[in-house]
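The following exercises concern the chain shown below. Each task is followed by a solution that proceeds step by step.

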Amino acid sequence: MDIKKVLTEAVSEAVQKAIQAGTLKEGKMVPLVFTVPPQKAFGDFATNFALQAARNFHCPPRVIADAVVKYLDCSAVEKMEVAGPGFLNFYLKSDWLYEGLARILEKGESYGNLPKKAGEKIQIEFVSANPTGPLHVGHGRGAAVGSSLANLMLAAGYDVTREYLINDAGNQMHNLALSVNARYLELFGKEVSFPENGYHGEDIIVTARRIKEKYGDKFLHMEETERLSAFQTLAKDEKLAALREDLEAFNCKFDVWFSEQSLHDAGKIKEAVDTLQKKDYVYEKGGALWFRSTKFGDDKDRVVIRDNGVSTYFAADIAYHQNKFQRGFDRIINLWGADHHGYITRVKAAMEALGYDPSHLEILILQMVSLYRNGELVKMSKRTGKAVTLNELIEEVGTDAARYFFIMRSMDSQLDFDLTLATEHSNDNPVYYVQYAHARICSILKQMEEEHIALDPHCDLSVLGEPVEIDLIKKLGDYEDLVETAAAERAPHKIAHYVYELAGIFHSFYNQCRVLGVDPKLQQARLALIMATRHTLRHGLMILGVSAPDHM
């Protein structure tokens, strides 16, 4: 039973009855929002509906609240109270709790998966790091948040495609080839000057060594242009394969890997610019072509084709986003780093100029990550002296802790990642705390299996009456509503908060209530309760891309 839906319908009907009886004047209904009060004394649910509706119904909130109390007819409600200026507090009968718990048990592992939504095809693009080197911790946050957001929206019933843009065109790829070329020649004792904008990472040396091991001095005898072309392809393929492997190991899956170079090869960038020019949104100045982005709220116009005839990165982004809409996506969600904040307006402007609804392009900004160890800021990798890579982070804290810590803060807030805490096997470590709850449940279930105790799916749940049992049932009942809300708000951190809070209530239950060895009816009901808790914890951890261990 979706209790919030039941209460919404009941309050709406009560308002209509009050209008028909002349207690209230005709007025436009406002959305009903139900929240769980901070204190149990204020009931199971509360709403400020009467305060929000006062203007529409041209009367004081208390009058509206009193009318709802008078005319409400809902079998789930034990009693109602009007508090303060017009808050409505609902005290529910215990039956709805047990019905909800029974429904969770019936749904089993699928509890948390909402019905498929008809309509929008949604694409989420995230990470999209240049294939020129290893992923760093900033990419790690994007990978964790992006993949968990996709998992969340899929669970909420959305039609979602996960995409990685391979930035395999432009100067960065040429600089990659120059860097590998220099390191390759050095391996043969050649004196070379390292390219000014080259990549200095240890991984470039490793790539050059692999090329030498496989091909020997084959490339020494080539013209430099031919050698650079070969090195660009070999290095890109190697870096991309490493990216795929690292992301897969980080529980980060993509449905589509889209090549930027394919847009250049198919003439799509010129096509997009030509379309804008025909609409009179592109003009020539100083030999370059400029997009009139100021017509759409940007602070200045932007170059799309340089005076040397070469397209800009912005032009490629215009063509790429146009391509997304052309592929049939109704809504596009991009996760970008904080350094791209100023880029949002111009990309939305270009989409609007091309005739697309800019509100269908959502840009979510991920704030920076700072690493701390023993209270000290960690700026560089101990291994290379450069930025800390995602692999180094995983080696130190593990995939589960890395993902949970990346996700547990709202993506638009700065993240201080405590490496010391992430490695602790204690209740202070939030991911350990959640996983330990799941492991405890599995331990009980294993003992139950060893004692040949089977769960009766039709057991009497009404014997669950301890306050902590009621709290646990209520928390379990909140989950699907949270999945819906968190998906709509693009807020996977709310799932991290939820499983932590659920684990806390379960730990309290575990310490206060024996499961095995009590009255058989109570034992069955408590087994049912922990089974429902296990289903819910596993589903929440699945969304986060974090494992649910059977033992710890």
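Two residues are in contact when heavy atoms of theirs lie within 4.5 Å. The model is predicted.

**Exercise 1.** Determine what share of the contacts in the chain with a separation of 6 or more comes from residues 24 or more positions apart.

*Solution.* Begin with the contacts whose separation is 6 or more; of these, 71% join residues 24 or more positions apart. Next, place this value beside the secondary structure, which comprises 20 helices and 15 strands. Finally, take the overall extent: the C-alpha trace spans about 85 × 65 × 40 Å along its principal axes.

**Exercise 2.** Decide whether Arg526 is buried or exposed, and describe its surroundings.

*Solution.* First, locate the residue: Arg526 belongs to helix H20, which covers residues 520-544. Second, apply the cut-off: buried means under 20% relative accessible area. Arg526 has a relative accessibility of 7%, and therefore counts as buried. Third, list its contacts, leaving aside neighbours within four places in sequence: Leu464, Glu466, Glu469, Phe509, Cys513, Arg514, Val515 and Val518. Fourth, examine Arg514 from this list: the side chain of Arg526 reaches the backbone oxygen of Arg514 at 2.6 Å.

**Exercise 3.** State how the chain as a whole is described by burial, exposed area and charge.

*Solution.* For burial, 51% of the 552 residues count as buried. For area, the chain exposes about 25,800 Å², of which carbon and sulfur atoms supply 49%. For charge, there are 63 positive and 76 negative charges, and their mean positions are 3 Å apart.

Conventions:
Residues numbered from 1 in each chain as written. Predicted model: local features only at pLDDT ≥ 70, side-chain atom pairs only at ≥ 80, totals over all residues. Heavy atoms only, no water. Helix = DSSP H or I, 4+ residues; strand = E, 2+ residues; numbered from the N terminus. Buried < 20%, exposed > 50% of the residue type's maximum accessible area, 1.4 Å probe, protein only. Polar contact = N/O pair within 3.5 Å; in protein donor to acceptor, adjacent residues only side chain to side chain. Areas by Shrake-Rupley, 256 points an atom, 1.4 Å probe, with all protein chains shown as cover. Lys, Arg positive; Asp, Glu negative; His and termini not counted. Charge placed at Lys NZ, Arg CZ, Asp CG, Glu CD.
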